[in-house]
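Reader: Could you take me closely through the salt bridges of this model, with the cut-offs behind each term, and then place them beside the pocket and sheets described for the same chain?

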Amino acid sequence: MKYVVLGSSAAGINGIRELRKLDKESEIILISKDREIYSRCILHQYLGGERNIEQLCFVEKNFEDCYQVKWIKGKACVGLKRQEKQVLLEDGTLISYDKLLIATGSHTFIPPVKHLKEAKNVIGFRNIEDIDTLKEVAKTAKHIVVMGAGLVGLDCACGFLELGVKVTLVEMAGWLLSKQLDERAAKTYQEAFSKQGIMQYYGVGISEVILDEENNITKAILSDGTQLPCDYIVVTAGVRSNVEFLEGSGIETGRFGLIYDETGKTNDEDVYGAGDVSGLSPIWPVAVKEGMIAASNMAGVKREMTDFFASKSTMNFLGIPSMSLGNVNPEEEDVTVEIKETENSYKKIIHKNGKITGAILQGDLAYSGILQQLIARKIDVTKVKKPIFDIDYSDFFHIKENFEFYYTENEAN
């Protein structure tokens, strides 16, 4: 068997680890545009000087030897010859495979803002090269605008803060981290960023940028007419899956990216996918799990992606920890929302028909273990005989012979 893996980030690397775990002998080839293996989740720490390139690496120093993998680095895949079972590299090299894992990730999408695509001083926040550029930018730029206040946008803002640079955040949604937090939890972060001198604009976008004669941005005009001085824009608000090389191959892609099932398999039984390339799994833990599951099935060991929440996020900005699960801003009317607030914490659980569908913990994450037990054990929270936030671990040690849970000694009797 000959395995080829495209992409050296979370999905691809963990796919390789799983392949070698299950198959000690077969050939494994890794192909990547990157020459280094690094975590994109902590690029902001590289920007802020908290880590160097070596400290971004999440694999063993002897990775290639440890997993007996041949790594073709610094070369992009530009085509797939499906019938011949070959991938085409940018230098014209053809690499054959028996099983292929596509974990090529995504790239920054420059939105259709007037004059933005012609601008020289605009960049994404996706790779080492971007961050190396921004390190230089931070030495002279006075007015840096970050498009997007999602996880990457806030990482970017925090990285600049470490350098003593205060950026301006512009976000189309009504608050930051709108996919992960509700307005109440977001307010805690917004106030903390304001105290650090970060200007923030929500519910607006950049409608136009003004360029000088050398095509450098000098001003950003927001959709409400606000004009911001600007000498650099960092785009963190949108990405596109790296699937261009699949054009004409017959491998099915959709609106967001590569299409594959819960085993990782595409419409070709020998081609699998995992991670950001789907356009649906933007967080690291999901990419890791998908890479492992796809690799397992490639090696003949059947597994499926059955995680309850693909949208789990844990974050810590400015010393404020938060965890988000599922849909935290439900639009349905038939859901129950339970909230508990203290001076330093905020907890919110959304459930429907006894099933937890979303949750936020902020400030104090101690309850996360209990919360995950409730989810993992599929406990009907409407049958719990105490307030949901008062449940503790002792409540999980009572179980009847028919595996029905009960919550007090009185119920047991």
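Author: What follows takes the salt bridges in turn and then moves to a pocket and two sheets.

This is a predicted model, in which local features need pLDDT of at least 70 and side-chain atom pairs count only at pLDDT 80 or more, while totals for chains, interfaces and linings use all residues. Residues are numbered from 1 along each chain as its sequence is written, and side-chain values use heavy atoms, with hydrogens and water left out.

Side chains of opposite charge can pair when their charged atoms come close. A salt bridge is counted here when a side-chain nitrogen of Lys or Arg lies within 4 Å of a carboxyl oxygen of Asp or Glu, and a search of the whole structure finds 13 of them.

One of these joins aspartate 34 to arginine 40, with 3.2 Å from N to O. Aspartate 34 is buried at a relative accessible area of 16%, whereas arginine 40 is partly exposed at 27%; buried means under 20% relative accessible area, exposed over 50%, and partly exposed in between, with a 1.4 Å probe and protein chains only.

Two further salt bridges each lie within a helix, where helices (H or I, at least four residues) and strands (E, at least two) are DSSP runs numbered from the N terminus. In helix H5 (residues 128–140), glutamate 136 and lysine 139 are three residues apart, about one turn of the helix, and their side chains meet at 3.0 Å, N to O. Glutamate 136 is partly exposed, with a relative accessible area of 47%, and lysine 139 is exposed, at 61%. In helix H7 (residues 183–195), lysine 187 and glutamate 191 are four residues apart, again about one turn of the helix, and the closest N and O atoms of their salt bridge are 4.0 Å apart. Lysine 187 is partly exposed at 46%, and glutamate 191 is likewise partly exposed at 42%. Beyond these pairs, Lys85, Lys99 and Asp270 are linked in a network of salt bridges.

Charged residues also appear in the lining of the second largest pocket, which has eight charged, six nonpolar and one polar residues. In this classification Ala, Val, Leu, Ile, Met, Phe, Trp, Tyr, Cys and Pro count as nonpolar, Asp, Glu, Lys and Arg as charged, and the others, Gly among them, as polar. A pocket is an open set of points on a 1 Å grid over the protein atoms alone, where a 1.4 Å probe fits, with protein on both sides within 12 Å along at least five of seven lines, and lining residues have an atom within 4 Å of a point. Of the 15 lining residues, Glu36, Cys57, Val59, Glu60 and Lys61 lie nearest the centre of the second largest pocket. Helix H3 (53–56), helix H4 (63–66) and strand S3 (69–73) are the elements that give two or more residues to this lining, and H4 gives the most, with three.

Turning to the sheets, two strands pair if DSSP finds at least two bridges between them. An open sheet of five strands runs in the order S9-S16-S10-S11-S12 with parallel pairing, and its edge strands are S9 (122–123) and S12 (199–202). Within this sheet, strand S10 (residues 144–147) and strand S16 (residues 232–235) pair over four bridges, with isoleucine 144 opposite tyrosine 232. An open sheet of three strands has the order S13-S14-S15 with antiparallel pairing; here three bridges join strand S14 (residues 217–222) to S15, and lysine 219 stands opposite proline 229 in S15.
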